Each structure stands twice: as C-alpha cells, then as structure tokens.
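Could you look over the charged pairs, the strand pairing and one helix contact in this model before we discuss it? My notes are set out below as numbered points.

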Amino acid sequence: MMVVSELLKDLIIPFLALLVGKMSDDDLANNDRMSDNTPSDGVIHTCPPMYARIRWLLVESRGGGPPIRSKILLLLRERPTNINRIAKELNMDYKTIKHHLELLEKNGLVQRLGLKYGGDVYFINDNAYKHWDELYVLVKESLKLDSNSR
C-alpha cells in the first residue's frame, strides 16, 4: 500500500514539475533544498511551489471554486470548447466560467485559442494532458470534497 507522501513524491510532484518545465542547471546549482538522495535532474526541485499552487487551485481554496475548476477540466478533457458551452453544460453564469478559465490558464492548466467566429476556444495544456492521470488525482479529490460538503 502506497503511503500518501510516497504518492506525492513518486507521481504528483514529478508531474507538476513537468507541467511547469525543468529548472536550468544554474537554478539547480543554487537550489539549497537539494539533498544527497535527491536526483539531480531538476524535476523534483521545482515541485513544492507548483504543487502547492495547483493543489490550492483545485482542492483547498474556499468557496465553490475548486469543484467548478475541476468540472471545467473534465469537460475540456472530453473536447476543446468555448466559455458559452461550458457555462451551458455546467448550468452556470458566463462570467463565473470565464473567471475560472482565466485562473486555470494563468496557472498553466489550460490554453486559449482565439478565433474570430465563436469566441475563444479553451483546451487542456499539452503538459497537463500528457500527465492527466496525476492531475486527475487532484480533480477527484476536489469533487469528492465537494460532494461531502453537501
């Protein structure tokens, strides 16, 4: 049975590091968090801040934001779409969905493609899509917490 800390270390943290991108060699040399048993490939050292930010975004922030953002990610995983369709699918206000998409985009989880007709189309970022299994752990946790709070 995998302990939660091992799960974070082995699955989620490397995913989040890849999501943001590896640190440069100079960053690694100046990283005072390096330990003797930590790989020197740069992946794990970028993780704690990124993991904390994505975890806050999808699980820990207050209000109804995390489950909304998780539902948006699930919809975008099925197919790229625009704000109107997401709002209609989730039965929510356009401005609310736009706000959450902007947060997801700012944090590197979704990308926007501007089109003249039909508005901007949003889709899962390539790195997030490649590591969907690890991201899905946080999405499921967010939705589980939402259903328990009702």
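The points below take the salt bridges, then the strands, then a pair of helices.

1. Please keep in mind throughout that this is a predicted model, and that residues are numbered from 1 along the chain as its sequence is written.

2. The structure holds four salt bridges in total. As general background, side chains of opposite charge can pair when their charged atoms come close. One of the four joins glutamate 60 to arginine 55, and the closest N and O atoms of this pair lie 2.7 Å apart.

3. How buried or exposed are the two partners of that bridge? Arginine 55 has a relative accessible area of 17% and counts as buried, because the cut-off for that class is under 20%. Glutamate 60, on the other hand, is partly exposed, with a relative accessible area of 46%.

4. Arginine 112 takes part in a salt bridge with glutamate 105, with 3.4 Å between the closest N and O atoms, and also in a salt bridge with aspartate 120, where the closest N and O atoms are likewise 3.4 Å apart. Arginine 112 itself is partly exposed, at a relative accessible area of 44%; glutamate 105 is partly exposed at 25%, and aspartate 120 is partly exposed at 26%. Elsewhere, salt bridges with shared partners link Arg55, Glu60 and Glu141 into one network.

5. Turning to the strands, β3 (residues 121-124) is joined to β1 (residues 81-82) by two bridges, and this pair runs antiparallel. Within it, threonine 81 is found opposite tyrosine 122 of β3.

6. Strand β2 (residues 110-113) is also antiparallel to β3, and four bridges join the two. Here glutamine 111 is the residue that stands opposite phenylalanine 123 in β3.

7. The last point concerns helix α4 (residues 65-78) and helix α5 (residues 83-90), which pack with their axes 11 Å apart and at an angle of about 115 degrees. The crossing in which α4 passes α5 is right-handed. On the α4 side the contact is made by Lys71, Ile72, Leu75 and Leu76, and on the α5 side by Ile86, Glu89 and Leu90. What kinds of residue make up this contact of α4 with α5? Five of the residues are nonpolar and two are charged, while no polar residue takes part.

Key. Predicted model: local features only at pLDDT ≥ 70, side-chain atom pairs only at ≥ 80, totals over all residues. Heavy atoms only, no water. Salt bridge = Lys/Arg side-chain N within 4 Å of Asp/Glu carboxyl O. Buried < 20%, exposed > 50% of the residue type's maximum accessible area, 1.4 Å probe, protein only. Pairing = 2+ DSSP bridges. Axes fitted to C-alpha atoms, helices over the stretch in contact; angles between N-to-C directions. Left-handed = near helix turned anticlockwise from the far one by under 90°. Contact = heavy atoms within 4.5 Å. Nonpolar A, V, L, I, M, F, W, Y, C, P; charged D, E, K, R; others polar.
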